[in-house]
Amino acid sequence: MVVISIKNSGKLFEDDIRKSFPENCLVHRLRDTAQSYNNSSKTSFTWNNECDFFVFDTKNRIFYCLELKSTKFKTMNWQVSKEDLSSKMIKYHQIEALTTFANYSNVMAFFVFNFRDDTSGNQRTYFQNIKDFHRMIKEIKRKSFDEVHLIQYGARKLIGTKKRTRYSWDIKEILNTLGSTH
């Protein structure tokens, strides 16, 4: 019996990001729980990951905590509280965890937002510091945000190169920029 594994667009994006880090970075992908794959309420006692990746940049001596989000829609939404049980793209515990991580010296916490057009195959990706994310969701007075909001609130565009069907992202450039400003 042959088992064919088909990755969803979010997992493909994660793979592309992971492969784009320079060699001087130690990249660790936190494992997803079974519940996170199918949002099953039947799986009890599962761990909610704080973020997707821990990355140590040995050149700049900075530890990054990254939560990646990918969507085919024009906006992304978030849980406003623990009590908000509606299905949102950005979970409250992820916001809390990145906020906590950012309080340590030499640690930077980011969301990495990917907007993709499944018909054309084009993608646009942004790094946004958790502090800028908090300012954005406080000030926009909406329950979702788009690319314009990200740019207005300090997100840095990540340059991507499409190689046939997959992307390679210029993470080295953004890490050097972030490392020099930290």
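Does Arg-116 count as buried or exposed, and at what relative accessibility? At 15% relative accessibility, Arg-116 counts as buried, where buried means under 20% relative accessible area, exposed means over 50% and partly exposed lies in between, as computed with a 1.4 Å probe on protein chains only. The legends below describe a predicted model, in which local features need pLDDT of at least 70 and side-chain atom pairs count only at pLDDT 80 or more, while totals for chains, interfaces and linings use all residues. Residues are numbered from 1 along each chain as its sequence is written, and side-chain values use heavy atoms, with hydrogens and water left out.

**View 1. The open sheet and its edges.** The sheet has 6 strands in the order β1-β2-β3-β5-β6-β8, with mixed pairing; strands are DSSP runs of E with at least two residues, helices are runs of H or I with at least four, and both are numbered from the N terminus. Two strands are taken to pair if DSSP finds at least two bridges between them. Because β1 (25-29) and β8 (156-158) stand at the edges with a single partner strand each, one side of each is left without a neighbour in the sheet. Neighbouring strands of this sheet are turned by 25° against each other on average, direction ignored. At the β1 edge, β1 pairs with β2 (residues 53-57) in the antiparallel sense over 5 bridges, and Arg-29 stands opposite Phe-53 in β2.

**View 2. Helices packed on the sheet.** Helix α1 (residues 9-20) packs on the sheet and touches β1, β2, β3 (62-71), β5 (107-116), β6 (123-129) and β8, contact meaning heavy atoms within 4.5 Å. The direction of α1 makes about 150° with that of β3; axes are lines fitted to C-alpha atoms, for helices over the stretch in contact, and angles run from 0 to 180 degrees between N-to-C directions. Helix α4 (residues 130-139) also packs on the sheet, touching β5 and β6, and its direction makes about 95° with that of β6.

**View 3. Salt bridges.** The structure holds 9 salt bridges, each defined as a side-chain nitrogen of Lys or Arg within 4 Å of a carboxyl oxygen of Asp or Glu. Lys-11 forms one with Glu-14, the closest N and O atoms being 3.5 Å apart; both residues lie in helix α1, 3 residues apart, about one turn of the helix, and both are buried. Lys-11 and Glu-14 are linked with Arg-29 and Asp-52 in a network of salt bridges. The side chains of Glu-67 and Lys-69 meet at 3.2 Å, N to O, and these two residues are likewise buried. Arg-116 meets Asp-118 in a salt bridge at 3.0 Å, N to O, and Asp-118, at 47% relative accessibility, counts as partly exposed.

**View 4. The surroundings of His-149.** His-149 is found in helix α5 (residues 147-152) and, at 10% relative accessibility, counts as buried. Leaving aside residues up to four places away in sequence, His-149 touches Met-136, Ile-140 and Arg-142.

**View 5. The hairpin of β9 and β10.** Strand β9 (residues 160-163) runs antiparallel to β10 and is joined to it by 4 bridges, with Lys-162 having Tyr-167 as its bridge partner in β10. The hairpin has 2 residues between the strands, and Arg-164 takes a positive phi near 60° in it. Strand β10 (residues 166-169) has a covered face, Tyr-167 and Trp-169, and an uncovered one, Arg-166 and Ser-168.
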